[in-house]
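Reader: Please take me closely through the salt bridges of this model, and say where their partners sit and how open to solvent they are.

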Amino acid sequence: MSGRILLVEDDGAIATVIIAALEDEGFQIDRCASIADRNRLLDAGEYLVMCTDVMLEDGDGLASMHEVKSRAPDMPVIVLSAQNTLDTAVRASDSEAFEYFPKPFDLDELVQAVRQAAGQRSKTAAAPEMEGDGMPLVGRSQAMQGVYRMITRVLRNDLTVLVTGESGTGKELVAEAIHELGSRRTGPFVAVNAGAIPADLIESELFGHEKGAFTGAIAQAIGKFEQANGGTLFLDEIGDMPAEAQTRLLRALQSGQIRRVGGRQEIAVDVRIIAATNRDLAPMIAAGNFREDLFYRLNVVPIELPPLRERREDIEVLSQHFLAQAAEDGLPRRQLAPEAVEMLEARNWRGNVRELRNVVYRLALMARDDLIDSASMSDIIGAETQPGGEGAPSGFAGALDQWLAENNPQNGALYHSALAAFEKPLIEHALAETGGNQLRASKLLGINRNTLRKRIGDLEIEPDRFTRPL
């Protein structure tokens, strides 16, 4: 493919690599490093595609994108940025960018995007203007870049989204971001936790009920679907939804209509669905506990959130963000010393971002000084580091963390796998502590002596080797 490409990039090393790759594709490249030179080149000639950095020598390339559109309204723009935040990704989307690449990016993906943009030369749909720059998601790690890009791709449509990730990773924040930044932000955002509602009430909660539909239904009630009409319905913990409710949910998604419990009238609803789960739905489908057709209906656009242990470089900025939130909530304004940040970055964070927020709020509340140092950190939350590293945590919790990291048991097998892994060493520890005395070992463990004797036999433990000489 041939044609002229405008590259606006002030980093000479990055520009050299991009130019070489695009020239290998047959393109002719003009390169500049400032907004002024960019505008001069656009006034002087026509380009198939423009690739531009955000922070340039003389200003913000995205903030001046209207100058580009006035000069070349049909030219696709590909944005490259080291400002790897959700705000930057959304601004790129709002500027009608053809594609957004956070640095560092895959060069082959960039070349492919340039080829596609050069062949298409079509303007994307206009995006609504955004108000304010406060973003619900925080972090610039590489692990979050794919999340930001996926969010921006669903803002201008109503495709159903399935958000997956461990508990505490921020799945509801993703749903709120899609709603607040998208075309439905003027409508309601209604969240419902499918795992927190009793099975016999979930259909009424979702679809509403008519008066007299069941015992206690003393008046008509509007369900979550109707409450979310014109906006977004967030179905959290969708993996815990009972089978009958799954069937009715599937019917509602297929038809765009719902029927209240005890009612006969079909009611049309205009709702965008965003679902979330911390469970692996594949084995649940195989076991018949989750409908496969419902999964495919929900999993139109999957977004997987990384656990905090895979984005440790975000812990400092997240901590600063939560300290600022704590101050807004009336707690003392605190700062973290560098060694305190290092201690936070070394922790396990089994509860992910939610646990980090709670810890930061506790630090803000209980610290005696405005600057939180390592001593304050140890006094308030204790010292802990990631499993397997230097200074790995001791005790059962640390051993369990390390075992989980190394074995990764599948859903449905975690409890029995963990018991099998830890019961034998636990009993051996009790026997060692008591010199092989099974009566004392049973008391230490808090189990019946006969139970201990049976487990010793089942686990093929040799109690004699723990007997101490008299």
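**Salt bridges, pair by pair**

Author: Aspartate 458 counts as partly exposed, with a relative accessibility of 42% (buried means under 20% relative accessible area, exposed over 50%, and partly exposed in between, with a 1.4 Å probe and protein chains only). The model is predicted, so local features need pLDDT of at least 70 and side-chain atom pairs count only at pLDDT 80 or more, while totals for chains, interfaces and linings use all residues. Residues are numbered from 1 along each chain as its sequence is written, and side-chain values use heavy atoms, with hydrogens and water left out.

The partner of aspartate 458 is lysine 454, and their side chains meet in a salt bridge at 2.8 Å, N to O (a side-chain nitrogen of Lys or Arg within 4 Å of a carboxyl oxygen of Asp or Glu). Both residues belong to helix H20, residues 449-458, where they are 4 residues apart, about one turn of the helix (helices, H or I of at least four residues, and strands, E of at least two, are DSSP runs numbered from the N terminus). Lysine 454, at 54% relative accessibility, counts as exposed. Elsewhere, Glu99, Glu109, Arg149 and Arg153 are joined into one network by salt bridges that share partners, and the search of the whole structure finds 26 salt bridges.

Another of these pairs glutamate 67 with arginine 38, whose closest N and O atoms are 3.6 Å apart. This pair links distant parts of the chain, since glutamate 67 lies in helix H3 (residues 65-71) and arginine 38 in helix H2 (residues 35-44), 29 residues apart. Glutamate 67 is partly exposed at 24% relative accessibility, whereas arginine 38 is buried, with a relative accessible area of 0%.

A further salt bridge brings aspartate 270 to arginine 184, with 2.5 Å between the closest N and O atoms. Because aspartate 270 lies in the loop between strand S12 (267-268) and strand S13 (272-277), and arginine 184 in the loop between helix H7 (171-181) and S9, the pair ties together parts that are 86 residues apart in sequence. Here aspartate 270 is partly exposed at 44% relative accessibility, and arginine 184 counts as buried at 11%.

Strands S9 and S13, which border those loops, belong to an open sheet of 5 strands in the order S9-S10-S13-S8-S14, with parallel pairing (two strands pair if DSSP finds at least two bridges between them).
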